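This report covers confidence, core packing, one central helix and charged pairs. The sequence and the structure are shown first.

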Amino acid sequence: MKTLYKVLGLGAVGVALVLPACTNLDENVYSEIPMDNFFKTEKELVANAGRAYTKMQGYNKEQGLWTLLLQASDECAVPATNAGEWYSSGRYEEIQTNKIPASNRLLKRGWDWVFDGIAACNEIIYETELSDVQFEGKTKILAEMRTLRAFFYYEAMANWGNVPFTIDYTDTDYPEQRDRKAIFQFLESELTPQLIASLDAAPAPTNYGRATQAMAWAILAKMYINAEAWFGTPMYDKAAAACKQIIDPGYYKIEDSYETNFAVKNETSGENIFAIVYDTAAIPAGSKAFYLYTLTLEPESCATFNIGASPWSGFVCEPDFFQTYDPQDRRRDLTWLYGPQVDINGQPIMVDGAQMEYNPVFPETQYFNANGGRQKFDGARICKWPYQTDGKLTSGETSMDNDFAVFRYADIVLMYAECLVRQGQASTAVNMPELQKIRTRAGLQPYTASQLTLDELYAERGRELAWEGWRHEDMIRYGKYLKQYWAHPSQEGETFRNLFPIPAEILNANPKLKQNPKY
């Protein structure tokens, strides 16, 4: 097991946070205990706080926010197969082409994940403040919940812009709608130096998977680096300063090998700032979590990884994105499964008398047609998070043991470099040892000042952070999102499409909400 501060599922109510590593894992379920008999001990308060972290585990589901963001970018696609599978009533086509109706199912599921997380944080903050139990770590629990809530609100603001807002758990009225600038200002006022000082500064086994000072600074860095794209107000100096708050203490490092960050047991990575903790031993049977092998592989690839399940043959790398890699870039082979395939013993996988082969570059013709299009082995498949070969992946939705870093140190280094370049300081950026190491561990030469253009940084972010959930946001910031690429038509001038529409069900349920303009 992972001898770390774990987030464990607890049936109907939520989770327990194990206080020290590898201590008592007994579960307490509090769903029907009256409030006046509840939250009377430190252990109960800490266990209750864990429910919010459990919400994070839904991020990587097939129909969650992660999938919505992947499909809305140029790094991933789910074309219908030649048998018409994965057409799914056109829901993936709608996201991929950025012609998204408010009724789209993926849109609603992504929204639900965000606002379920906000609701959980609001409830836990209320219950913790209401309790008269006093102990040394109570202030930190509240700071963690407010930081996690800030992350959920960040995702709401970044993707939908104008969203319902409430931080009062007792408010039973329909929440008022706030615009993106108001949410931005709230997050600035929330993530104050005082609140951040209440969080742990240094990463440790006891705060792994929890909000720390670096997570709070990472949220602020993301806000500031996108401010010009959102409001027309450059804040790259503030973004750089937030990045430096993470870089300067020296708690995090660029790992010697890229694969360390995504390994089956990747909890020791020095790049993990905030990770979603996944563990087949801790997540209840039947719970959906991180089952990437199911979403991307063809069933024949089970022979490669000793997987006793039948994958769904869905998510593939967009051909144009695959071609952004230099052939010498180690990340291409560490991220994508392509070309001739072999089994776990290195023997060719034979299909109809020929060796199975994933074709990473395939033409764009009718791939979202209900009658089918994509051939069976078209599209490179993701292998960035290696599939465990211990035989434990035995059902379609068994969670993998790889933790998923939402905020990773390499992203912070690349953001800091971007801030420098945008402020005319490319010569300073190229001398950053961390930036140079990101390149050299990929088998590439460090950048010179003339090479480090914004377009090159955009491409490098794509290669380094593929499928980590930030490409959609990056495309908007760099002015690429509305341009034509692969199945995505040119939508230049239609800037309203930089926001997702608010789901129709949400609009119908709250009379105080208005749809984002032009949807």
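A residue is called buried when its relative accessible area is under 20%, exposed when that area is over 50%, and partly exposed in between. I273 has 6% relative accessibility and therefore counts as buried. This residue belongs to strand β5, which covers residues 272–276. Beyond the neighbours within four places in sequence, I273 contacts T212, A214, M215, I246, Y252, F407, R408, Y409 and I412. Its C-alpha is 8.4 Å from that of G209, although the two residues are 64 positions apart along the chain.

**Confidence**

The model is predicted. The mean pLDDT of the chain is 91, and 91% of the residues score at least 70. Among the elements, helix α8 (residues 213–225) has the highest mean, 99, and strand β1 (residues 7–10) the lowest, 29. Residues 1–33 have a pLDDT below 50; this stretch still makes 77 contacts in the model beyond near neighbours in sequence.

**Core and helix α5**

The largest nonpolar core holds 153 residues, and the members touching the most others are W160, W336, Y387, F407 and W467. Helix α5, residues 138–160, is the greatest contributor, with 14 residues. A separate second core has seven residues, including V316, F368, W486 and A487.

Helix α5 is 23 residues long and spans 33 Å between its first and last C-alpha, close to the expected 33 Å. Of these 23 residues 20 are buried, so the helix is largely enclosed by the rest of the structure. Directly after α5, G161 has a positive phi of about 75 degrees.

Within α5 lies E155. This residue is buried but forms no salt bridge, and K222, the nearest side chain of opposite charge, is 8.5 Å away. Leaving out residues up to four places away in sequence, E155 touches L65, L69, V114, W160 and W470.

**Positive phi outside glycine**

S88, in the loop between α2 (65–71) and α3 (91–96), has a positive phi of about 50 degrees without being a glycine. S88 is partly exposed, at 24% relative accessible area. S313 also has a positive phi, near 60 degrees, and is located in the loop between α12 (302–305) and α13 (319–322). With 8% relative accessibility, S313 is buried.

**Salt bridges**

The structure contains 42 salt bridges. Three of the pairs are listed here.

| Pair | Closest N to O distance |
|---|---|
| R146 and E190 | 2.9 Å |
| D256 and K437 | 2.5 Å |
| D329 and R463 | 4.0 Å |

The D329–R463 pair links the loop between α13 and α14 (330–335) to helix α18 (residues 454–464), across 134 residues. Both D329 and R463 are buried. Salt bridges with shared partners connect E271, D329, R331, K384, R408, R439, R441, E456, E460, R463, E464 and E468 in one network.

R146 forms its salt bridge with E190, joining helix α5 to helix α6 (residues 180–190) across 44 residues. R146 is partly exposed at 30% relative accessibility, whereas E190 is buried at 6%.

D256 forms a salt bridge with K437. D256 sits in the loop between α10 (236–247) and β5, and K437 in helix α17 (residues 433–440), so this pair ties together parts 181 residues apart in sequence. D256 is exposed, with 62% relative accessible area, while K437 is partly exposed at 27%.

Note on methods: Residues numbered from 1 in each chain as written. Predicted model: local features only at pLDDT ≥ 70, side-chain atom pairs only at ≥ 80, totals over all residues. Heavy atoms only, no water. Core = buried A, V, L, I, M, F, W, Y, C linked by side-chain atoms within 4.5 Å. Buried < 20%, exposed > 50% of the residue type's maximum accessible area, 1.4 Å probe, protein only. Helix = DSSP H or I, 4+ residues; strand = E, 2+ residues; numbered from the N terminus. pLDDT = per-residue confidence, 0-100. Contact = heavy atoms within 4.5 Å. Expected span 1.5 Å × (residues − 1). Lys, Arg positive; Asp, Glu negative; His and termini not counted.
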